[in-house]
Amino acid sequence: MSADTSGGLPISAEGLRVGELVATLALAQDNAFGQPLESQLRSCLLATWMCEAAGFDDEVRETAYWVALLRYLGCTGHAHEVATVFGDEIAIRAQTLVHDAANPAEVMRDVVAFATAGHPEEERDEIVRMLQEQAHEWAVHNFASGCEVADMLARRLDLAPSVREALAFTFERWNGNGYPNHAGGESIPLPMRIVHVSHDMEAIGRLFSPEQALETARDRRDRTYDPALADLFVAHGGDWFELLRETEPWDAVLALEPEPHRMLTGKDLDDALTTVADFIDLKSPYMNGHSRRCAELGADAVRILGLDGDAVDRIRRAALVHDFGTTGVPNSIWDKPGPLTRAEFDRVELHPMLTEQMLRRSPALASLNPLASTHHERCDGSGYHKRLRADADDLQACVLAATEVYVGLTTERADRPAFSPRDAAEEVRRLESAGALE
């Protein structure tokens, strides 16, 4: 849909480094929590420097590396449920990210504010009463589901058992006031205790100041954080924040990827990208299987058109990751039962741009960008986010755009039932006649 959207080159024969894939997943988690891209990469750097300063062994260092990048891997698995209670789940996650999660009263203030926002005054007391009665049970279920999804995805990515074990303690806290099992102290794996510190310090240092981050580490030691790790950060954190200012997070994190680097090729690559597709589509019950269906239908279409095997692989893989940017749009929009406002649709239009920004950091995944990030463009320039027009060399991009429309129409959405295959095909033909699709 421009000179460079003919499909690009396929992922090279060397394949995709697991580190690049996981770092890209970290960017998606940043979106899900309303943080700037590379926030979790910065946390990974802090965690690695903490391990070095403490003299921890290689197993702890390697596990902390992966855990820092994947701490919120299960975030899409309970986004719908969070939005059902609080509206914009990205906003409440961003608001509470730097709160002291070991102090329920501090978090509860925002829980009440978000849950009652937009409701008439006469309903608010009832909402507060329900929260007081059900908040604990809801939190246990919510955080347990997030951990279960993270474990399922980590297993499919063939990550080490130590990584999976640590991710089960994502929401636990040193004093036992976390969720879902109220684990505390040294029962929380050391790599996750490290990441509890590094993740909060990155956010507080960025949003407020390094000085406030160090003061927070002092204040929360022996409550939220392992006191030895909090003291370690207080001793060295000032230097680490200075180092962060001079560091390009993506390059630095990949330079620290544990060796030997695992490369994904062939079926292993396809399986990993399918795992990414499921991570994406878990965000909403209305997205279930969307990326897989686009991949299958798009691949079938280019086969019928007589394109070669590289083209089949390219469109299938691009379709698996094309909606990566949906993590940056709240479920209060994706799952809205009525029409979107102009402002809400403006946010929807951001998701292909976010896909592009995320994929282009990885040399291997960037080769999928000409297809993946243009899936909402139209041949007549009426699409988004760049309002590109197609030309004769854009066959694969046009196939993915048409495939995305058809799969979307034949899927139930919050504001309408699914179209029948016949009606969806007729709508695709109508768009082709109008010049929007090829």
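This report walks through the aromatic pairs and salt bridges of a predicted model.

## Aromatic rings

Let's start with the rings. A pair of aromatic rings is described by how far apart the centres are and by the angle between the planes. Here the count comes to nine aromatic pairs. Take Phe 86 and Trp 138: their ring centres are 5.6 Å apart and their planes sit at 85 degrees, so this pair is edge-to-face, given that angles over 60 degrees fall in that class. Phe 86 belongs to helix α4 (residues 79-86) and Trp 138 to helix α7 (residues 121-156), so the contact ties together parts that are 52 residues apart in sequence.

How buried or exposed are the two partners? Phe 86 is buried, with a relative accessible area of 8%, while Trp 138 is partly exposed at 28%.

## A cluster and a charge over a ring

Some rings gather in a group: Phe 33, Tyr 72, Phe 143, Phe 171 and Tyr 179 make up one aromatic cluster. Phe 33 also has a charged partner, as the charged end of Arg 93 sits over the Phe 33 ring, 4.9 Å from its centre.

## Salt bridges along and between helices

Now for the charged pairs. Side chains of opposite charge can pair when their charged atoms come close. The model has 29 salt bridges by count. One of them stays inside a single helix: Glu 121 and Arg 124 meet at 3.9 Å, N to O, and both lie in helix α7, three residues apart, or about one turn of the helix. Glu 121 is exposed, with a relative accessible area of 58%, whereas Arg 124 is partly exposed at 31%.

Helix α7 turns up again with Asp 151, which forms a salt bridge with Arg 164; the closest N and O atoms are 2.9 Å apart. This pair links distant parts of the chain, with Asp 151 in helix α7 and Arg 164 in helix α8 (residues 161-167), 13 residues apart. Asp 151 counts as partly exposed at 27% relative accessibility, and Arg 164 is partly exposed at 27% too.

## Toward the later helices

Which side chain meets Arg 292 in a salt bridge? That would be Asp 278, at 2.8 Å, N to O. Arg 292 lies in helix α14 (residues 290-304) and Asp 278 in helix α13 (residues 266-281), so the pair ties together parts 14 residues apart in sequence. Arg 292 is partly exposed at 34% relative accessibility, but Asp 278 counts as buried at 14%.

There's also a network to look at: Asp 270, Asp 313, Arg 316 and Arg 317 are linked by salt bridges.

Terms used
Residues numbered from 1 in each chain as written. Predicted model: local features only at pLDDT ≥ 70, side-chain atom pairs only at ≥ 80, totals over all residues. Heavy atoms only, no water. Phe/Tyr/Trp six-rings, centres within 6.5 Å; stacked < 30°, edge-to-face > 60°. Helix = DSSP H or I, 4+ residues; strand = E, 2+ residues; numbered from the N terminus. Buried < 20%, exposed > 50% of the residue type's maximum accessible area, 1.4 Å probe, protein only. Lys NZ or Arg CZ within 6 Å of the ring centre and 35° of its normal. Salt bridge = Lys/Arg side-chain N within 4 Å of Asp/Glu carboxyl O.
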